[in-house]
2 protein chains.
Amino acid sequence: MKYHKIPDEAVRRLPFYLRDLLTLAEQGRKSISSRDLAGLLGFGPWQIRKDFCYFGSFGTRGKGYDIEKLITQIRKILKLNSVRKAALVGVGNLGLAVLRYPGFRVYGFEIAAAFDNDPKKIGRKIGNITVEDVSKLRTLKKRGIDFGIISVPCAAAQQTFDALAAAGIKGILSFSPCQKKGPEKVKVITIDIAMDLVRLPYYAPTSRPSTR
Amino acid sequence: MKYHKIPDEAVRRLPFYLRDLLTLAEQGRKSISSRDLAGLLGFGPWQIRKDFCYFGSFGTRGKGYDIEKLITQIRKILKLNSVRKAALVGVGNLGLAVLRYPGFRVYGFEIAAAFDNDPKKIGRKIGNITVEDVSKLRTLKKRGIDFGIISVPCAAAQQTFDALAAAGIKGILSFSPCQKKGPEKVKVITIDIAMDLVRLPYYAPTSRPSTR
DNA sequence: CTATGTGAATTTATTCACAGCA
DNA sequence: TGCTGTGAATAAATTCACATAG
């Protein structure tokens, strides 16, 4: 294998590979060919072989890919080989949904703390997490929490972002479009549900106004 | 302007343009140059001019783009020029967050109905929406609801998807990775929060295990 | 003289096609 | 023979550069 700058698109696909491979492993499946995996994911076998080839070569010719080995490799590439801890800021409905969602664990991710500025919420226990005051954010580094999730109202997003950055957080997943990034080395991924929802009508066939 | 097949990436960017343009309009701003808009969005002015050029030419040379006109145009392109209605299925924490989120209106989108299969939730009122039994999904078409949002547990995702498709829904935003698409003409956009969260460590600088 | 609109150039990503290993 | 690994070919998207309109 030669050196390649890894396409961002390939990195974006890795979690999806991991997701389906974990399901396969759970079902007791031991190995899979690029063709079959492609079938599950809905794109071509080339894509899969090409993507894996950017990172190394961990298949067996004539046989396919060993699922366990592949999972280990992708985890390593994504730096999920040891547990990653994230702090959630903003315990509203969305925050609660994230806190209660059990699905991060399987990827090696753990929501390890939750914060809010509402006294009525502080102290409340959700699962094994107790909601803390946002002023405690500075303790994150000490606690080995490197990632943050922002689910606060728009108006509070920028200051939350700044506080997380100041706390030494390395990456942030934000549900608010309202923090316009500062001059940071913090990786930010923003999910704005409206941006996706609003795109549906464009693709809808023969869309008619709902005014009938 | 000549005919162009519109790049999917350009379509994906349009809602973001719309978002920032709406903010500018709200601030009373009347026009903006591709350079300034690019500054807000974090990419180059070429991108913006190129994207708009795929759809027509609605700027004024030497002057910039008229914000109101641009908003109208983008709305038209995205087929958001009349109100679009969506039904939410699955009133859990995530569903509630979506129902309570006031931010879709400004794009011309309205959550017009909510469904669940839990008798304890059916009949409950959230804002001006009353939660209905999922068996009522077949009434959607009649009510002019063309889009669906799936926020049900994984196990129920496939049947929810099928029910929405059977109800004549044109597009679906799903928060579940568990509906593997059938042979449909329904456009599906899936958001899997884990897929984004899990990507953060890859980009994090000098990521160390949190095991110290 | 400013800022759009758009072909052309460049970069990036996808798809192909096949050599080579199990 | 079957399926991977990977250069080469193709397609797509981004960036440039400049003619052109206001």
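Which side chain has an N or O atom 3.4 Å from a base nitrogen of DNA strand C? The side chain belongs to R61(A). This is a predicted model, and every distance below is computed from it.

## DNA strand C

Begin with the protein residues around this strand. There are 28 of them. R13(A), W46(A), S34(B), R61(B) and Y65(B) come nearest. Both chains, A and B, appear among these names.

What part of the strand faces the protein? Of the strand C atoms within 4 Å of the protein, 64% belong to sugar or phosphate. The rest belong to bases.

Some side chains reach the bases of strand C. R49(B) places a polar side-chain atom 2.9 Å from a base oxygen. K50(B) has a side-chain N or O atom 3.3 Å from a base nitrogen. Several elements give two or more residues to the surface near strand C. In chain A they are helix 1 (8-26) and helix 3 (45-55). In chain B they are helix 2 (34-41), helix 3 (45-55), strand 2 (59-60) and strand 3 (64-66). Helix 3 of chain A gives the most, with five residues.

By class, the residues of this surface divide into twelve charged, nine polar and seven nonpolar.

## DNA strand D

Now turn to the other strand. DNA strand D is surrounded by 27 residues. The closest are S34(A), G59(A), R13(B), W46(B) and R61(B). Of the strand D atoms within 4 Å of the protein, 66% belong to sugar or phosphate, and the rest to bases.

Backbone atoms of the protein take part here. A polar backbone atom of F58(A) is 3.2 Å from a phosphate oxygen of strand D. A backbone N or O atom of G62(A) lies 3.0 Å from a sugar or linking oxygen. A side chain reaches a base of strand D as well: a polar side-chain atom of R49(B) lies 3.4 Å from a base nitrogen. Which elements give two or more residues to the surface near strand D? Chain A offers helix 2 (34-41), helix 3, strand 2 (59-60) and strand 3 (64-66). Chain B offers helix 1 (8-26) and helix 3. The largest share, five residues, comes from helix 3 of chain B.

This surface has eleven charged, nine polar and seven nonpolar residues.

## Disulfides

How many disulfides does the structure hold over all chains? There are two. The table lists them.

| Cysteine pair | Sulfur-sulfur distance |
|---|---|
| C154(A) and C178(A) | 1.5 Å |
| C154(B) and C178(B) | 1.5 Å |

The chain B pair links distant parts of its chain, 24 residues apart. C154(B) sits in helix 6 (residues 154-166). C178(B) sits in the loop between strand 9 (171-174) and strand 10 (187-190). The link of C154(B) and C178(B) is right-handed, with 40 degrees about the S-S bond.

Are these cysteines buried or exposed? Partly exposed is the label that fits C154(A), because its relative accessibility is 40%. C178(A) is also partly exposed, at 28%. In chain B, C154(B) counts as partly exposed because its relative accessible area is 38%. C178(B) is partly exposed too, at 29%.

Another cysteine position can be read in the same way. C53(A) is partly exposed, with a relative accessible area of 34%. C53(B) is partly exposed at 35%.

Definitions and conventions
Residues numbered from 1 in each chain as written. Chains lettered and ligands numbered in written order. Predicted model: local features only at pLDDT ≥ 70, side-chain atom pairs only at ≥ 80, totals over all residues. Heavy atoms only, no water. Near = heavy atom within 4 Å. Polar contact = N/O pair within 3.5 Å; in protein donor to acceptor, adjacent residues only side chain to side chain. Helix = DSSP H or I, 4+ residues; strand = E, 2+ residues; numbered from the N terminus. Nonpolar A, V, L, I, M, F, W, Y, C, P; charged D, E, K, R; others polar. Disulfide = S-S within 2.5 Å. Buried < 20%, exposed > 50% of the residue type's maximum accessible area, 1.4 Å probe, protein only.
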